[in-house]
Amino acid sequence: MKELFYLNKYLLKYKKLMILGLIWVIISNAFQILPAQMVRYSIDLVTDNIRIYRSLDKSVAQQAFFNVFSKGILIYALLILGMALLRGFFLYLVRQTLIVMSRLVEFDLKNEIFEHYESLPLSFYRRNNTGDLMNRISEDVSRVRMYLGPSIMYGLTLITLFMMLIPIMFSISPKLTLYALLPLPILSISIFYVNNIVEHRSELIQKSQSRLSTFVQEAFSGIRVIKSFTREAESVANFSTESNEYKKQSLKLTKVQALFFPVIMGLIGLSTVFTVYAGSVEVINGSLTFGNIAEFIIYVNLLTWPVASLGWTSSLVQRAEASQKRINEFLKTKTDIVSEQNIQREIQGEIEFQHVSFTYPDTGIQAIKNLSFNIKPGESIAIIGGTGSGKSTVSNLISRLYDVTQGEIKIDKISIKDYNLINLRSQMGVVPQDVFLFSDTIFNNIAFGLKTADEDKVIQAAKDADVYDNIMGFPNAFATRVGERGITLSGGQKQRVSIARAVAREPKILILDDALSAVDTKTENTILNSMKKIMKGRTSIIISHRVSSAKLANKIILLQDGEMVDEGTHETLIAKDGAYKELYEKQMQVEEVG
């Protein structure tokens, strides 16, 4: 239960619902117990008066006696019906408090986890896969809710019912009480054991189903490859293997589930037999009435389901504890990207790298080695290099998605670590190498970085990114939905929408991280020319593997294996006859051949 202590703050937050729920549980239990006593009175009424009724056979007094006698039974019947209705009403109130409380905690916990996820650095997402993150905020939270809702509800019902009912049963007959309760612990342990097996096998089925779904998804996604390599037969065989495994696990679960209700009904029957046997002996001895036996049988049935639920809720608590442990692991993970002085100011855009080195914490790969350069406000710099040269790492460090391992980055002569993170990033526009668009309209994707959606800004940004004509060519124009991850757009269109999204927020620092890799040279030139006025007055960083993207920049840096090997303007680097010139000539030859 140690891991579940974390939830106590939520239980305290909703303590009013807990207290109300407890009150309704006690009242609903009272309306369970009282009808059993009404049954006892009505049966005793019958057994005590049936001989008198028969002795008045066919007499005038018999009918009068029957009228009084039946009226008494009718009153008891109406009382039992009224109490059943009242119990149903208070059970409704129990669920409207305790189950509603669990849903409110589920809501709060999901929000807390999601907000915490949002605060964690990029390195956290590199270490953990998306499926695991999704499971903790959905599957694990749902299991925790089952502890907060049904477990607490049934637990309170069992405790209060025992506290109310056992003294009543003992006051009637201690011996009969012991006989009636004898099978119930066995029932609870049996259900706990069977339920654990069911849960274990259910998890195996879920894993098998997950593998099956993944296999089918990959098969459909890669159907062109499968057909091209004539692997249909092997694909069907592999599907059959996975499907048979799922069938085998499902049949195993069905066999265990088949034991569940027979065990419950068998032990309930055994408890009833004990009650009838011990009660009959007491009736013969004259210490109990037939009504007491009927009353005890009802009491046994009242206790059976709460006791049976004890095994089930124990299993729920175990699962919730394991799930909350997984949740707590993530909640205890703290971000190391924090502001040291929380400075909030409008930046001018001067960027300075001072002997910066960076090693990725999760892989140990050194991406940047002793890099130093300076960009004045409003200037532009192109960072050129091949795959793995550290270009994108520079973008990540300026956006402070990571902190440098050695050295220092300054913006406007102030350490980047001193700025308020939100304030700093709100003044940057980043076009990432891996373009991501949300499953929304093109308009909302472009307006994503704006505090309030401004139609004029969105349209101008689309024109600046040379995607306006494409958008207007769609039947729904800016209202066109782009589909999951922007799948309905071509690679070039996605990149240009991403550029428009960055431009729309009018950033002080604009970073294009290989943003033109999916467009041809002609389109690249068109976009770069239209971006001249955008880049004017803004510090711009153009990251690319193509030297053609560097022509707008005031300065060019060539990176190789994380180190700067060339620096200067295009003209000075060409005249220098170094690594940049060699790369430039190679790329020009490739374009000419193309």
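**Lys417**

I looked up how open Lys417 is in this predicted model, and found a relative accessibility of 26%, so I noted Lys417 as partly exposed. The cut-offs explain the label, because partly exposed covers what lies between buried, under 20%, and exposed, over 50%. I placed Lys417 in the loop between strand 5 and helix 13 (421–425). Then I listed the contacts of Lys417, leaving aside neighbours within four places in sequence: Val338, Ser339, Glu340, Gln341, Arg400 and Asp403. I took one of these, Ser339, and checked its distance: Lys417 and Ser339 are 78 residues apart in sequence, yet 5.5 Å apart in space from C-alpha to C-alpha.

**The sheet with strand 5**

Next I followed strand 5 into its sheet. In what order do the four strands of the open sheet run? I read the order as 2-1-4-5, with antiparallel pairing. Strand 2 (366–375) and strand 5 are the edge strands, and each of them pairs on one side only. I then looked at what packs on the sheet and found helix 12 (residues 391–398), which touches strand 1 (351–359), strand 2 and strand 4. The direction of helix 12 makes about 115° with that of strand 1.

I went back to the edge and counted two bridges between strand 4 and strand 5, which pair in the antiparallel sense. Ile411 stands opposite Ile414 of strand 5.

**Two residues with positive phi**

I noted a general point before this search: most residues other than glycine have a negative phi. Lys413 is not a glycine, but I found a positive phi of about 70° for it. Lys413 sits in the loop between strand 4 (406–411) and strand 5 (414–415). Is Lys413 buried or exposed? Its relative accessibility is 55%, so I entered Lys413 as exposed.

Glu506 gave me a second case, with a positive phi near 50° in a residue other than glycine. I found Glu506 in the loop between helix 17 and strand 7 (509–513). The relative accessible area of Glu506 is 47%, so I wrote it down as partly exposed.

**Helix 15 and helix 17**

From Glu506 I moved back to helix 17. Helix 15 (residues 455–464) packs with helix 17 (residues 491–504) at an angle of about 130°, and the axes are 8 Å apart. That angle makes helix 15 oblique to helix 17. I recorded the crossing of the two helices as right-handed. On the side of helix 15, the contact is made by Lys457, Ala461, Ala462 and Asp464; on the side of helix 17, by Ala500, Val503 and Ala504. Sorted by class, I have five nonpolar residues, two charged residues and no polar ones in this contact.

**Helix 6 and helix 7**

I looked at another helix pair. Helix 6 (residues 139–172) and helix 7 (residues 174–181) also pack at an angle of about 130°, and their axes are 6 Å apart. The two helices are therefore oblique to each other. I found Ile166, Met169 and Phe170 of helix 6 meeting Pro174, Thr177, Leu178, Ala180 and Leu181 of helix 7. By class, the contact has seven nonpolar residues, one polar residue and no charged residues.

**Strand 9 and its partners**

How many of the six residues of strand 9 (residues 555–560) are buried? I found five, so strand 9 is mostly covered. On pairing, I noted that strand 3 (residues 380–385) and strand 9 run in the parallel sense over five bridges. Ile383 has Ile557 of strand 9 as its bridge partner.

Strand 10 pairs with strand 9 in the antiparallel sense, over five bridges. The two strands form a hairpin with two residues between them, and Asp561 in the turn has a positive phi of about 55°. Leu558 stands opposite Asp566 in strand 10.

I stayed with Asp566, which lies in strand 10 (residues 563–568). Its relative accessible area is 3%, so Asp566 goes down as buried. Not counting residues up to four places away in sequence, Asp566 touches Ile556, Ile557, Leu558, Leu573, Lys576, Gly578, Ala579 and Tyr580.

**Ser540**

My last entry is Ser540, in strand 8 (residues 539–544). With a relative accessible area of 2%, Ser540 is buried. Apart from neighbours within four places in sequence, I found Ser540 in contact with Glu379, Ser380, Ile381, Leu510 and Met535.

Definitions and conventions:
Residues numbered from 1 in each chain as written. Predicted model: local features only at pLDDT ≥ 70, side-chain atom pairs only at ≥ 80, totals over all residues. Heavy atoms only, no water. Axes fitted to C-alpha atoms, helices over the stretch in contact; angles between N-to-C directions. Parallel < 35°, antiparallel > 145°, perpendicular 65-115°, else oblique. Left-handed = near helix turned anticlockwise from the far one by under 90°. Contact = heavy atoms within 4.5 Å. Nonpolar A, V, L, I, M, F, W, Y, C, P; charged D, E, K, R; others polar. Buried < 20%, exposed > 50% of the residue type's maximum accessible area, 1.4 Å probe, protein only. Pairing = 2+ DSSP bridges.
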